[in-house]
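The following exercises concern salt bridges and the exposure of the residues that form them. Please work through each task before reading its solution.

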Amino acid sequence: MILSMTGYGKSESQMENTKIVVELRGLNSKSLDLSTRLAPQLRNKELEIRTIINQRLERGKVDLSIQLESVRITAGDPVGASPVDVCAPGMAFTPINKEAFDYYYKELRSLQSELGMAEEGLTSAILRMPDVMRVQEESSVSEGLWEAVKQTLMSAIDHFIAFRTQEGASLERMFTEKLDGIAALLAEVEPYEKSRVEKIRTHLLGNLEKLGEDTKQKIDMNRLEQEMIYYLEKLDINEEKVRLRNHIQYFRETMQGNGSGVGKKLGFIAQEMGREINTLGSKSNQSEMQIIVVKMKDILEQIKEQVLNVL
């Protein structure tokens with residue numbers, strides 16, 4: 001079964017007072033293009049994280065986010081109250097930046113006076129302003145927390161691959177429908193093919209009748225018949241029909257492959273199908289057949305567009 005490069009996976013876990021949130025998003029790409037947004041404590045683990053992703057996802061433009069959150073109840077709160085500070089584990093608040101607090105306080109008081117606003121909630125609003133409460137970060141995580149992060153990452157990847165599998169099944173159904181459409185149109189060519197040969201022969205003989213009697217007497221009819229046969233053979237499309245049917249069958253078989261590289265193979269097969277369809281069009285020499293060829297080209301373009309999403 002084919003896999004799509006479009007995917008999404010998310011996993012959450014908790015170790016003691018630390019919440020781990022891992023999120024993966026994927027789109028199509030010729031190779032693995034990984035973009036990461038990691039919690040500061042995981043920066044020295046980025047190489048290991050990239051190795052895990054490389055081993056399991058192989059291709060696609062992938063955005064990875066790993067966040068570590070710690071929820072703590074502020075000391076000194078009244079019983080029953082539950083205000084929380086959310087920060088990364090290992091971060092500790094330093095004393096309030098008084099200069100920043102004073103600056104924001106004066107600016108907000110000025111706005112309140114000017115706009116006639118109430119002063120309620122002014123202090124809590126200032127504490128959420130940038131640089132008022134600075135944090136100091138630890139540069140790493142404990143071994144236990146790192147193991148929990150890896151397990152959560154693997155779980156998110158599992159969800160991501162499951163999403164890819166589901167999308168791949170949808171693509172396979174679409175490809176099968178489109179291939180059936182091309183095969184059906186190819187079958188419609190045959191009646192026109194027989195009438196086309198007779199029409200060309202009649203047209204050539206009709207032009208011959210327009211020649212003068214002296215000219216017609218000088219023509220070697222055996223040679224003329226040979227030339228007509230050669231001309232009609234050049235317009236024969238049996239080989240193109242056989243090759244196109246073989247490409248359709250090979251496309252179906254390739255869709256049953258596993259792992260990366262299937263999308264590239266399908267792309268190559270689609271290109272070969274396009275060559276045969278183009279040759280059919282150039283040899284058709286009949287409006288009805290050309291209309292059928294245009295329809296086949298339209299379906300094939302839809303296939304080529306979606307093949308880009310196959311892993």
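Three exercises with worked solutions follow.

The model is predicted: local features require pLDDT of at least 70, side-chain atom pairs count only at pLDDT 80 or more, and totals for chains, interfaces and linings use all residues. Residues are numbered from 1 along each chain as its sequence is written, and side-chain values use heavy atoms, without hydrogens and water.

**Exercise 1.** Determine which parts of the chain the salt bridge between Arg252 and Asp180 ties together.

*Solution.* A salt bridge is a side-chain nitrogen of Lys or Arg within 4 Å of a carboxyl oxygen of Asp or Glu. Arg252 and Asp180 satisfy this at 2.7 Å, N to O. Arg252 belongs to helix α7 (residues 238–254) and Asp180 to helix α4 (residues 143–209), so the contact ties together parts 72 residues apart in sequence. Helices are DSSP runs (H or I, at least four residues), numbered from the N terminus.

**Exercise 2.** Locate the salt bridge of Arg245 and Glu190 and classify the exposure of both residues.

*Solution.* Their side chains meet at 3.1 Å, N to O. Arg245 lies in helix α7 and Glu190 in helix α4, 55 residues apart. Partly exposed denotes a relative accessible area between buried (under 20%) and exposed (over 50%), with a 1.4 Å probe and protein chains only. Arg245, at 36%, is partly exposed, as is Glu190 at 33%.

**Exercise 3.** State how far apart in helix α9 Glu301 and Lys304 are.

*Solution.* The two side chains form a salt bridge of 3.9 Å, N to O. Glu301 and Lys304 are three residues apart in helix α9 (residues 287–307), and therefore about one helical turn separates them.

Technical notes:
Helix = DSSP H or I, 4+ residues; strand = E, 2+ residues; numbered from the N terminus.
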